[in-house]
Amino acid sequence: MSQPAILVEHLVKTYRPRRQPPVQAVDDLSFSVRQGSIFGLLGPNGAGKTTTLRIMTTLTRPTSGRVEVLGHDVENAPLEVRKRIGVVIQEQAADLLLNVRDNLLTFSRFHGLAGAVARSRADEVMTRFGIADVASRKVQDLSGGMRRRVQVAKMFMVDVPIVFLDEFSTGMDPILKRSVMDLLRGQAARGRTIVLTTQILTEAEELCDDILIINRGRRVAHGDLHSLKLLTERLYEVTLSFERVPDSLSTLLAGYDAESVKIVHNTVQLRLRDEEARVLELVALLARQGRILRVEIGGASLEDVFVELTQQPTGVER
């Protein structure tokens, strides 16, 4: 079995602000990240995601526990860890006084890439990220969204084996975000490990091979997307487009456990928590009430799973 890209064991981080009660940001957290995967670290605001990421990237010291990155301990060998990682965090890490091109070239030089090869790669990366037109402008003069592009673009200047991305798509338009997501998939396919946090759960649903959900510093669920969806039992999303919505819809739904009903023009959107056979039975019943133009039945989304698990009492893991 190959060495994990990241190993986290019994990680604890406690902040002790002066004259205030201690804050337990991370509470006995353990997990591993396999090499060549896209790993999603998810949780509500204040869950401990950014603290965990900062510990894994040597920016914050843990209170206790152990973190290894490609076999190197983040406390005992931080320089060895830093040689092997690239990091995009929420703070504006790009050097504000340098222009865009020099940001990329300086970053690549730190990682041993310079000269004509670095300049050629910088041109390619700037074009890919839509920042070639601002190559000579100082980063401090750019919008927040453009600064984020510069930060993420730097990760494609070097060939470090692990990349950490904290809210990577902030400020990106849908076209660029889609392009970057494709780039990330390609990087993982070639063996690069990518660890990301995001509040946009559809991004995690599309990208991640493995997902860890934490809340109040503790792990509440861990697994691939299919495994996580199985944790939300008997939840179905049903969409039916009618030629004309039946007048008897409310009466027909009365015998079923519909958590929500939304009608938009001639389309009915249902969220049902029931047995699969009964969901299909309801769809057949509605089909007899009028002509149906379209039917879609799906299981729980990652957002459904996230909301349900993070609203459970603290300490419950599934």
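In which sense do β9 and β10 pair, and over how many bridges?

1. The pairing of β9 and β10 is antiparallel, over 5 bridges. One of the contacts places G223 of β10 as the bridge partner of I211. Between the strands of this hairpin sit 2 residues, and R216 takes a positive phi near 55°. Keep in mind that this is a predicted model.

2. The hairpin belongs to an open sheet. Its 6 strands run in the order β6-β7-β8-β3-β9-β10, with mixed pairing. β6 (85–88) and β10 (218–223) are the edge strands, each pairing on one side only. From one strand to the next, the twist averages 15°.

3. Strand β3 (residues 38–42) is parallel to β8 (residues 193–197), and 3 bridges join them. Here G40 has L196 of β8 as its bridge partner. β3 also pairs with β9 in the parallel sense, over 4 bridges. In that pairing, L41 is matched with L212 of β9.

4. β9 is mostly covered, with 6 of its 6 residues buried. D210, L212 and I214 point one way; I211, I213 and N215 point the other way. In a regular strand, side chains alternate between the two faces of the sheet.

5. Helix α11 (residues 302–310) packs on the sheet and touches β3, β9 (210–215) and β10. The direction of α11 makes about 30° with that of β9.

6. Elsewhere, L280, V295 and I297 form a nonpolar surface patch, with about 240 Å² of accessible area together. I297 lies in strand β14 (residues 292–298). I297 is partly exposed, because its relative accessible area is 40%.

How values were computed:
Residues are numbered from 1 along each chain as its sequence is written. This is a predicted model: local features need pLDDT of at least 70, side-chain atom pairs count only at pLDDT 80 or more; totals for chains, interfaces and linings use all residues. Side-chain values use heavy atoms; hydrogens and water are left out. Patches are made of residues with over 30% relative accessible area and no salt bridge: like charges are joined within 9 Å, nonpolar side chains (Val, Leu, Ile, Met, Phe, Trp, Tyr) within 5 Å. Accessible areas come from the Shrake-Rupley method with a 1.4 Å probe; for residues, only the protein chains shown count as cover. A salt bridge is a side-chain nitrogen of Lys or Arg within 4 Å of a carboxyl oxygen of Asp or Glu. Buried means under 20% relative accessible area, exposed over 50%, partly exposed in between (1.4 Å probe, protein chains only). Two strands pair if DSSP finds at least two bridges between them. Axes are lines fitted to C-alpha atoms, for helices over the stretch in contact, and angles run from 0 to 180 degrees between N-to-C directions. Contact means heavy atoms within 4.5 Å.
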